[in-house]
Amino acid sequence: MNPADLFSHETNTKDLAPGDTLFQAGDQGDGMFVLLEGAMDVMVGDKVVERSVRGAILGEMALIDRSPRGATVVAREPCRLAKIDQRRFLNLIQLNPFFATHVMKVLADRLRQMNQLLGQKHGG
């Protein structure tokens, strides 16, 4: 399942030009985003930890635990995104269990990736 397919007919989108910032680490989050077109860099500090493409879910942790953003996300090329607020997110996971499991998979993959990066950094 590609989440971009769920939102392909979205009319209220956020458009970014190359170099534009979607959000910065430390910002308060009030929603997550699904990347419909383009490519983005997810950065922790000055290191790119993920290159996001069509279908990527960005900022989902703000909807799950209301914590500040943990990364900065910058457009690599022209981008179009769908914003998902808390109410819509809850409706989506209720109506589409595949979406819920996809979000969990994204979180698990990111956790594994960060564990690998930290293991490499600390020699272990």
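The residues that line the largest pocket divide into 12 nonpolar, four polar and four charged. This tour of a predicted model starts at that pocket and then moves to the sheet and to two charged residues.

**First stop: the largest pocket**

Select the pocket itself, which holds about 380 Å³ of space. Twenty residues line this pocket, and those closest to its centre are Val42, Met61, Gly70, Ala71 and Arg110. Next, colour the elements that build the wall. Strands β4 (40–44) and β5 (47–52), together with helices α2 (61–65) and α4 (97–121), each supply at least two residues of the lining. Among the contributors, α4 gives the most, with four residues.

**Second stop: Glu60**

Now select Glu60, in the loop between β6 and α2. Is Glu60 buried or exposed? Its relative accessible area is 3%, so Glu60 is buried, the cut-off for that class being under 20%. Display the contacts of Glu60 beyond its neighbours within four places in sequence: the partners are Met32, Val103, Val106, Leu107 and Arg110. Arg110 has already appeared, as one of the residues closest to the centre of the largest pocket. To pass on to the sheet, draw a line from the C-alpha atom of Glu60 to that of Thr13; the two atoms are separated by 17 Å, and the residues lie 47 apart along the chain.

**Third stop: the open sheet**

Select β1, β8, β3 and β6, which follow one another in this order in an open sheet of four strands with antiparallel pairing. Strands β1 (13–16) and β6 (57–58) stand at the edges with a single partner strand each, so one side of each has no neighbour in the sheet. Zoom in on β1 and β8 (residues 79–84), where four bridges join the two strands in the antiparallel sense. Within this pair, Asp15 stands opposite Arg80 of β8. Then add helix α3 (residues 86–95), which packs on the sheet and touches β3 (32–37) and β8. The direction of α3 makes about 85 degrees with that of β8.

**Last stop: Arg80**

Finish by selecting Arg80, a residue of strand β8. Its relative accessibility is 19%, so Arg80 counts as buried, given that the class covers values under 20%. Which residues does Arg80 contact, leaving aside its neighbours within four places in sequence? They are Ser8, Glu10, Thr13, Lys14, Asp15, Val34, Leu35, Leu36 and Glu37. Asp15 in this list is the residue seen opposite Arg80 at the previous stop.

Definitions and conventions. Residues numbered from 1 in each chain as written. Predicted model: local features only at pLDDT ≥ 70, side-chain atom pairs only at ≥ 80, totals over all residues. Heavy atoms only, no water. Pairing = 2+ DSSP bridges. Contact = heavy atoms within 4.5 Å. Axes fitted to C-alpha atoms, helices over the stretch in contact; angles between N-to-C directions. 1 Å grid on protein atoms, 1.4 Å probe; cavity = no way out; pocket = protein on both sides within 12 Å on 5 of 7 lines; lining within 4 Å. Points joined across faces, edges and corners; volume = space filled by probe spheres on them. Nonpolar A, V, L, I, M, F, W, Y, C, P; charged D, E, K, R; others polar. Buried < 20%, exposed > 50% of the residue type's maximum accessible area, 1.4 Å probe, protein only.
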